[in-house]
Amino acid sequence: MEIVLALIIVAIVVWFVTAPLRRAGGESDAAPVPTEDPAIADLEARKEAKYREIRDAELDRAQGKLSEADWRRQDAELRREAIEILKELDKARGERAGASAE
């Protein structure tokens, strides 16, 4: 009796664990996954990297690794670069939206 119960439990666990695998191959009516433009993905990665650089510079200043003057200079440069990336990102998204509307 215990063996039968253990087999039933194992079968239920296997069924739940394999559910995503069974669903991925069997669902043909699923909505198509929109493909992301590689240029936009690259710009998003560059934006996140720039934000990290800004946070790192702020942390360096707080820890005394950067003087106030050096931090201001570096912060201004990093933020200027971040703004350029954001402008490029907006432009790329606008072009993609325009191409999608056609």
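Colleague: In what order do the elements of the protein chain run from the N terminus on?
Modeller: This is a predicted model, and the protein chain in it has four helices and zero strands. Read from the N terminus on, the elements therefore follow one another as α-α-α-α.

Colleague: What share of the residues of the protein chain count as buried?
Modeller: A residue is called buried when its relative accessible area is under 20%. The protein chain exposes about 8200 Å², of which carbon and sulfur atoms supply 60%. Of its 102 residues, the share that count as buried is 16%.

Colleague: Among contacts between residues at least 6 apart in sequence, what percentage join residues at least 24 apart?
Modeller: One pair that is far along the chain is R79 and K50, which are 29 residues apart and have C-alpha atoms separated by 8.2 Å. For the protein chain as a whole, the contacts that join residues at least 24 apart, taken among those between residues at least 6 apart, come to 68%.

Colleague: Which element gives the most to the largest nonpolar core?
Modeller: In soluble globular proteins, nonpolar side chains tend to be buried together. Here the largest nonpolar core has six residues, namely I54, A57, L66, W71, L78 and A82. The elements that give two or more residues to this core are α3 (38-62) and α4 (68-101), and with three residues the one that gives the most is α4.

Colleague: Is D75 buried or exposed?
Modeller: D75 has its place in helix α4, and, leaving aside neighbours within four places in sequence, D75 is in contact with I54 and E58. Its relative accessible area is 10%, and because the limit is under 20%, D75 counts as buried.

Colleague: With which side chain does the side chain of R79 make a polar contact at 3.0 Å?
Modeller: R79 lies in helix α4, and at 37% relative accessibility R79 counts as partly exposed. Beyond its neighbours within four places in sequence, R79 is in contact with I54 and E58. The side chain of R79 makes a polar contact with that of D75 at 2.9 Å, while the partner at 3.0 Å is the side chain of E58.

Colleague: Which residues does I54 touch, not counting those up to four places away in sequence?
Modeller: I54 is one of the residues that make up the largest nonpolar core, and two other members of that core, L78 and A82, are among the residues that I54 touches. With residues up to four places away in sequence not counted, the full list for I54 is D75, L78, R79 and A82.

Colleague: At what distance does the side chain of K50 make a polar contact with the side chain of E81?
Modeller: K50 lies in helix α3, and with a relative accessible area of 10% K50 is buried. Not counting residues up to four places away in sequence, K50 touches L78, E81, A82 and I85. The polar contact between the side chains of K50 and E81 has a distance of 2.4 Å.

Colleague: Why does the aromatic pair of W15 and F16 count as edge-to-face?
Modeller: A search of the whole structure finds one aromatic pair. The rings of W15 and F16 have their centres 5.1 Å apart, and their planes meet at 70 degrees. Because planes over 60 degrees apart fall in that class, the pair is edge-to-face.

Colleague: Is F16 buried or exposed?
Modeller: The relative accessibility of F16 is 55%. Since a residue is exposed when this value is over 50%, F16 counts as exposed.

Colleague: Over the face of which residue does R61 lie?
Modeller: The ring in question belongs to a member of the largest nonpolar core, W71. At 4.2 Å from the ring centre, R61 lies over the face of W71.

Conventions:
Residues are numbered from 1 along each chain as its sequence is written. This is a predicted model: local features need pLDDT of at least 70, side-chain atom pairs count only at pLDDT 80 or more; totals for chains, interfaces and linings use all residues. Side-chain values use heavy atoms; hydrogens and water are left out. Rings of Phe, Tyr and Trp (its six-membered ring) pair if their centres lie within 6.5 Å; planes under 30 degrees apart count as stacked, over 60 as edge-to-face and the rest as tilted. Buried means under 20% relative accessible area, exposed over 50%, partly exposed in between (1.4 Å probe, protein chains only). A charge sits over a ring if NZ of Lys or CZ of Arg is within 6 Å of the ring centre and within 35 degrees of the ring normal. A nonpolar core is a set of buried Ala, Val, Leu, Ile, Met, Phe, Trp, Tyr and Cys residues joined through side-chain atoms within 4.5 Å. Contact means heavy atoms within 4.5 Å. A polar contact is a pair of N or O atoms within 3.5 Å; within protein, one must be able to donate a hydrogen and the other to accept it, and residues adjacent in sequence count only if both atoms are side-chain atoms. Accessible areas come from the Shrake-Rupley method with a 1.4 Å probe; for residues, only the protein chains shown count as cover.
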